[in-house]
Amino acid sequence: MMTLLRDHDLARAFDHASRTYDRLTALNPGYRSELLRSARRLRLPDDGAGLRVADLGCGTGASTRALLRAAPRAHITAVDASSGMLHRALDKPWPPQVRFLHMTAEEFAAGDEGPFDAVFAAYLFRNVTGPDQLLTAVRTLLRPGGRLAVHEYSLSGSPVHRALWNTLCRGVIIPAGTLGGDRALYRHLRASVLRFDTAPAFTDRLRRAGFTGVRVAPVAGWQTGIVHTFLARNGSAATGAAATATARDHRGGAMSAPERGPRRGSAPRAARRGRDRRAEIVMPAPGRDRFEPADAPHIAVAGAGIAGIAAATLLAERGARVTLYERGPALGGRLTGAPTRLADGSTATMTRGFHAFFRQYYNLRGLLRRTDPALTRLTALPDYPLRHSAGLADSFARVPRTPPLSALGFVALSPTFGWRDLAALDARAALPLLDVRVPEVYDRYDSLSAAAFLESVRFPEAAHHLAFEVFSRSFFADPRELSAAELLLMFHIYFLGSAEGLLFDVPGEPFPQALWEPLGTYLERLGATLRTGTPVHAVRPLDGGGVELRTGTGAHRHDAAVLALDPEGLRRLVAGSPQLGTPSWRDDIAALRTAPPFLVSRLWLDRPVRPDRPGFLGTSGYDGLDNISVLERYEGEAARWAARTGGSVVELHAYAVPDGTEREKTQRLLLEQLHRVYPETRRARIVDARHEWHDDCPLFEAGTYRRRPAVRTPDPRITLAGDAIRCDLPVALMERAATTGFLAAGALLARWNVKGQVLWTVPRAGRSRLLRALNAMAGR
């Protein structure tokens, strides 16, 4: 009697077999090459750019790897019911557009993950209890015209092929599986193939489920007549052509596929993967996939900004019992927002406004994908334009993105930095720009200011606005104070070390609606407790284990804690927690400084700015005005207000405002500079205005790197996260916050032998071997 395994029993059998599964399949001639052939039969256009593909029953990732080779620019979601198989898959290196989910194919198809442009299912359908129901659900996952490829053991119907299969199982497959202790699974394999549809019968099943264009193709080698590829569409071929044309239209225009963001009102698109093939993977320490419910610890996270939400998300996903404390009334930390009533009676969301979500923010974007897999809530801006008051202007829209072509292309196109300027640079002094390594760059250049470094390399005066506006002032700091190491790191991340380029995305709605409210709902679904309006005043390590957090409502015991606070909040908390850390560590926390104040002025105007004004413009030489944003170009809320009133919503930023500056005078000065840059605004009436001043960003002064606190603290029960925290990866700003949040959670998880987060980063050294060698020689 041949016994079939189903559902939980089958998943457990695969869990056990996962240890030897890859070794056994490696012995199967043609196993991987035929998977690749089937994946290529999907015929996804343009290497899959802009397309979403589901891999159902991904196992240890062999089918996922085949899909990735067939469509290297597609966004792939791989699903399997076996935690053991997924564990093996996750141990392998994957680019950021590939993600894995632990659930059955039926659960996935019944969820809200779709629509997908294609579905690939290898060795799946003969293992499910209800293949007809799953096929119907798969149709709902697919877009109209979406493609299905099923790679499956399905006998031809010939007695010869049936006899061959029985012989192979009895003589090779079952004995090999028995050696690994998995006899029951491989007996199931034999029985499931014999009892499953023949190739003609499964073709008929596909047609009954409503698929069109159904066809079957054999595979080569010994599997001929035993394994087949089944291809089908969800709808007519014409519909599929239209869908493909639409996808190409979304990627058309002046930008290539990976640069283009979703158009407002269009169908959801796939999240762009990082295009840089040299981006690096940082694997977590090995461990269990997640806690068992009975041993799940209680972990506190103080601070619900990017770092805190990243930490809370990873901890909750791993099964920890998480309480997230936030002093403000809503999630988001420094990127929160609040409703405000305008003079015309309408309601708007006031935030800190423009923030660039660069394509190399792999870990931040990975956090956002938890609730927005295709990143449809981000909108691409077509350029990063810069304008100096002397009339000089720079653009990055047409600059190649891969170094060194990026640098050469910029020199060729820039009116402020030409070939003569390049030749005039002190080549020896400038070599460190081409080989930035962390933490070595801090050893050599942290004692120098950003301004002093640019002078040492003879960076042309006319192009100083490029370095200052694009890089150093992004830290809200005066370049005469900022560490040169931070400037070099920024050049590496955004320009000379990464092939993602200087183009970026922005949220299509205000931060709360686009980012934090969906992530808050996600955390609550995972069982996390969100306590907004609850500042943490003190932390006390307990002698019997665990920590005590004191809030305005009392003392709360947890097994561990992540402190994800801004510099002032962390200083205040540590000062109020006398038992926390060592004296030298406490001194380092007390030494943290914040950058000078900055101003965000948002103006609701009664008439529009000129239609050719960009959504964002970096400015220099305009008496403190650092950039101008026209919000209706990219933010839905502002666009709706502008459409209703015929006006514009304009935002002005001023960074590193000197202490003691009269605030109202600065606000008036920024308005005057707006009139200089966009003269048509002189005639506009201001319907309403909001001015927000903040001074809570970290200051990275020259010579302070070694005193910055790291993720790990003297107490292993407590970790730190945030953009002020030292991190030995080339990350900065929002990406540093997200990365340290994941690292802080991972350090705690490792105490319980639970796996952390797979991280991605731009290359951790210069891209050219020759230039790295020259830089090493110059440094001797």
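**Cysteines.** I began with disulfides, and a search of the whole structure, which is a predicted model, finds 0 of them. For Cys 697 I looked up the nearest cysteine sulfur, which belongs to Cys 727 and is 18 Å away, and Cys 697 is in no disulfide. I then noted burial: Cys 697 counts as buried at 6% relative accessibility, and Cys 58 is also buried, with a relative accessible area of 4%.

**Confidence.** I checked how far the prediction can be trusted, and the protein chain has a mean pLDDT of 88, with 91% of its residues reaching 70 or more. Over residues 237-272 the pLDDT stays under 50, although the model has 78 contacts beyond four places in sequence for this stretch. Where pLDDT is low, the predicted coordinates should not be read in detail.

**Helix H20.** I looked next at H20, which covers residues 511-525, and compared its length with expectation: its 15 residues should span 21 Å at 1.5 Å a residue, and the end C-alpha atoms are 20 Å apart, which agrees. Where does H20 have a kink? I found a kink of about 30° at Glu 517, shortly before the proline Pro 518. Pro 518 is itself among the buried residues of H20, which also include Phe 511, Trp 516, Leu 519 and Tyr 522. After the helix comes Gly 527, whose phi is positive, near 100°.

**Thr 371, beside H20.** I followed Pro 518 to one of its contacts, Thr 371, which sits in the loop between helix H12 (362-368) and strand E14 (378-380). Setting aside residues up to four places away in sequence, Thr 371 touches Pro 518, Leu 519 and Tyr 522, and it also touches Arg 377. With the side chain of Arg 377, the side chain of Thr 371 makes a polar contact at 3.1 Å.

**Ser 395.** I turned to another loop residue, Ser 395, found between strand E16 (393-394) and helix H13 (405-413). Is Ser 395 buried or partly exposed? Its relative accessible area is 33%, so I entered it as partly exposed. Beyond its neighbours within four places in sequence, Ser 395 is in contact with Asp 383 and Tyr 384; its side chain makes a polar contact with the side chain of Asp 383 at 2.6 Å and reaches the backbone nitrogen of Ala 397 at 3.2 Å. I also noted that Ser 395 and Leu 617, which are 222 residues apart in sequence, have C-alpha atoms 9.9 Å apart in space.

**Helix H21.** For H21, residues 567-575, I listed the buried residues as Pro 567, Gly 569, Leu 570, Arg 571, Leu 573 and Val 574. What covers them includes strands E19 (536-541), E22 (560-563) and E28 (718-720), together with helix H22 (583-590).

**Backbone details.** I looked up two cis peptide bonds. One runs from Gly 114 to Pro 115, with omega near 0°, and Pro 115 lies in the loop between helix H5 (105-110) and strand E4 (116-122). The other runs from Val 438 to Pro 439, with omega near 10°, and Pro 439 lies in the loop between helices H15 (427-430) and H16 (440-445).

I then noted positive phi values in residues other than glycine. Asp 47 has a phi of about 60°, lies in the loop between helix H2 (31-40) and strand E1 (52-56), and counts as partly exposed at 39% relative accessibility. Leu 733 has a phi near 55°, is found in helix H25 (residues 733-751), and counts as buried at 19% relative accessibility, because the cut-off for buried is under 20%.

Technical notes:
Residues numbered from 1 in each chain as written. Predicted model: local features only at pLDDT ≥ 70, side-chain atom pairs only at ≥ 80, totals over all residues. Heavy atoms only, no water. Helix = DSSP H or I, 4+ residues; strand = E, 2+ residues; numbered from the N terminus. Buried < 20%, exposed > 50% of the residue type's maximum accessible area, 1.4 Å probe, protein only. Contact = heavy atoms within 4.5 Å. Polar contact = N/O pair within 3.5 Å; in protein donor to acceptor, adjacent residues only side chain to side chain. Disulfide = S-S within 2.5 Å. Expected span 1.5 Å × (residues − 1). Bend = angle between axes of the 7 residues up to and from the residue. pLDDT = per-residue confidence, 0-100.
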